[in-house]
Amino acid sequence: MARQERAIRTRRAILEAAGAVFDEHGYTSATIAMVLERAAVTKGALYFHFPSKESLAQAVLDEQVPLGAVPQQPCKLQEIIDTTFVVGHRLLGSALLRGGVRLTVDQCAPPGVDHTGPFLRWAEHLAGLMRQAGERGELLPTVEPRDTAELLVGAFAGIQLMSRALTCRADLGHRISALWGHVLPGIAVPGLLLGLDTRPDRGARVLAGMSTGTPGRGREE
């Protein structure tokens with residue numbers, strides 16, 4: 001059991017180090033040697049978990065959606081909103097998530113690294129929540145869940161890139177808030193709009209609530 005726990009910790013350390021290296025250098029310039037130095041593990045330990053640079057990059061990519069997990073909300077639109085804010089806030093502190101996001105948009109990574117996976121998984125996850133929102137009467141009748149989910153994923157990818165370039169993502173919460181200010185009137189029933197929390201610090205507050213077991217539900221907090 002102790003050996004298994006040690007292996008899990010080692011794998012996680014490698015992933016965290018690889019995320020930082022891919023974020024800082026991109027796929028092409030990143031090397032296994034950089035990851036080994038950052039993770040402080042042996043080459044044998046790394047190759048036990050990841051047989052190639054491609055498999056390591058793929059594992060970093062696969063961590064994206066789990067890092068966007070948020071508490072369930074009675075209002076599914078608020079849950080979708082929370083997901084975007086939590087991912088945005090975690091980008092400030094998680095090298096693993098930043099590395100995965102950079103790999104997603106890195107056109108220099110080889111065909112063996114699946115760029116489409118994160119986009120498709122995020123779109124599927126949000127589309128599922130959109131369908132639940134529609135079933136609960138939260139959406140206007142013209143809203144198509146999958147199209148709206150893909151629009152949100154694409155828009156988020158773009159604004160986080162712009163925020164990274166201009167402010168190292170310091171203003172990402174504000175940009176996500178502005179995005180929702182434009183999107184929500186076109187998809188949410190009017191009676192719901194005032195109760196939805198899209199303030200720029202929403203991600204920090206949701207994560208703080210998760211750590212204490214008291215996640216906020218919207219504007220009433």
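These are my notebook entries on salt bridges, the nonpolar core and one annotated region.

**Entry 1: the model.** I am working from a predicted model.

**Entry 2: salt bridges.** I looked up the salt bridges and got a count of 16. I then went through three pairs.

I started with Glu24 and Arg38. Their closest N and O atoms are 2.8 Å apart, and the two form a salt bridge. Glu24 sits in helix 1 (residues 2-29) and Arg38 in helix 2 (residues 32-39), so this pair ties together parts that are 14 residues apart in sequence. Buried or exposed? I checked Glu24 and found it partly exposed, at 43% relative accessibility. Arg38 is partly exposed too, at 42%.

Next I looked at Arg131 and Glu124. Their side chains meet in a salt bridge, at 3.2 Å from N to O. I noted Arg131 as partly exposed, with 38% relative accessibility. Glu124 also counts as partly exposed, with a relative accessible area of 41%.

My third pair was Asp201 and Arg205. I read 3.1 Å between the closest N and O atoms of this salt bridge. Asp201 is partly exposed at 38% relative accessibility. Arg205 has a relative accessible area of 21% and is partly exposed; the cut-off for buried is under 20%, so Arg205 does not count as buried. Which residues join Asp201 and Arg205 in one network? I found Asp82, Asp197, Arg199 and Arg202, linked with them through salt bridges that share partners.

**Entry 3: the nonpolar core.** I turned to the largest nonpolar core, which holds 58 residues. Which of its residues touch the most other members? They are Phe22, Leu56, Leu77 and Trp180. I then asked which helices supply at least two residues each to this core. Helix 1 and helix 2 do, and so do helix 4 (53-61) and helix 5 (76-93). I also listed helix 6 (95-105), helix 7 (116-135), helix 8 (145-167) and helix 9 (172-187).

I took Leu77 for a closer look. I left aside its neighbours within four places in sequence. Leu77 is then in contact with Met130, Ala133, Glu138 and Leu139, among others. The list also includes Leu184, Ile187, Ala188, Leu192 and Leu196.

**Entry 4: residues 31-50.** I checked the UniProt record, an unreviewed entry. It places the feature "DNA-binding region" at residues 31-50. How much of this stretch is helix, and how much strand? I read 75% helix and 0% strand. The end C-alpha atoms of the stretch are 13 Å apart.

Definitions and conventions: Residues are numbered from 1 along each chain as its sequence is written. This is a predicted model: local features need pLDDT of at least 70, side-chain atom pairs count only at pLDDT 80 or more; totals for chains, interfaces and linings use all residues. Side-chain values use heavy atoms; hydrogens and water are left out. A salt bridge is a side-chain nitrogen of Lys or Arg within 4 Å of a carboxyl oxygen of Asp or Glu. Helices (H or I, at least four residues) and strands (E, at least two) are DSSP runs, numbered from the N terminus. Buried means under 20% relative accessible area, exposed over 50%, partly exposed in between (1.4 Å probe, protein chains only). A nonpolar core is a set of buried Ala, Val, Leu, Ile, Met, Phe, Trp, Tyr and Cys residues joined through side-chain atoms within 4.5 Å. Contact means heavy atoms within 4.5 Å. UniProt positions are given in the numbering used here, feature names are shortened, and annotations may be inferred rather than shown by experiment.
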